[in-house]
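Student: Could you take me through a close look at a single part of this model, and then set that part in its surroundings?

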Amino acid sequence: MIVLLLSRLEHGGLERVQLNLATELSRRGHTVEIWVGRRIANSAAELPAGVAFREIAPDGRVFFPYRLARMLTSKRPATVFTTANDLACVMVLLRKVFRLRTKVVVTQHLSLSAPRRLARG
């Protein structure tokens, strides 16, 4: 199983990247789940067909690490993709603490041109 991990699901570019990735991985025959800390936007229509969706901590981010650990140890995904540095750090820590064989894939999706223009003043 492949998990796409987000801290929250709202209408944004990173979320769109993850949903597109989930759609394509599922289309290629992989079992895919999307795990989010909290769903902010009503984006049920955007969720790919055939991809399970799990809201881990709708009642607050303080519960997120504990519930993520519980999900990881019970589901044991083969791979977890994330686009967030903080989630990547949590994943690496949990992987080590619970001796999981889960591969952690961290990607960065950002615009280099906008910060560059701002830096020039």
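Leaving aside its neighbours within four places in sequence, which residues is Gln18 in contact with?

Tutor: Happy to. This is a predicted model, in which local features need pLDDT of at least 70 and side-chain atom pairs count only at pLDDT 80 or more, while totals for chains, interfaces and linings use all residues. Residues are numbered from 1 along each chain as its sequence is written, and side-chain values use heavy atoms, with hydrogens and water left out.

Gln18 touches Leu4, Leu5 and Leu6, and also Phe81, Thr82 and Thr83, once neighbours within four places in sequence are set aside; contact here means heavy atoms within 4.5 Å. Gln18 sits in helix H1, residues 13-27. Helices (DSSP runs of H or I, at least four residues) and strands (runs of E, at least two) are numbered from the N terminus. With a relative accessible area of 3%, Gln18 is buried. The cut-offs are under 20% for buried and over 50% for exposed, with partly exposed in between, using a 1.4 Å probe and protein chains only.

Now for the surroundings. The chain has four helices and five strands, in the order β-α-β-β-α-β-α-β-α. Of its 121 residues, 36% count as buried. Among contacts between residues at least 6 apart in sequence, 58% join residues at least 24 apart.

Helix H3 makes a good companion to Gln18, since it shows both a buried and an exposed side. H3 has 13 residues and reaches 18 Å from first C-alpha to last, close to the 18 Å expected at 1.5 Å a residue; that expected span is 1.5 Å times one less than the number of residues. Its buried residues are Leu87, Ala88, Met91 and Leu94. They lie on the same side of H3 because they cover an arc of only 130 degrees around the axis, taken from the directions from the helix axis to the C-beta atoms. An α-helix has 3.6 residues a turn, so residues three or four places apart point the same way.

The face turned away from that buried side carries the exposed residues Asn85, Cys89, Leu93, Lys96 and Val97. Val97 counts as exposed because its relative accessibility is 53%. Just after H3, Arg99 takes a positive phi of about 50 degrees.
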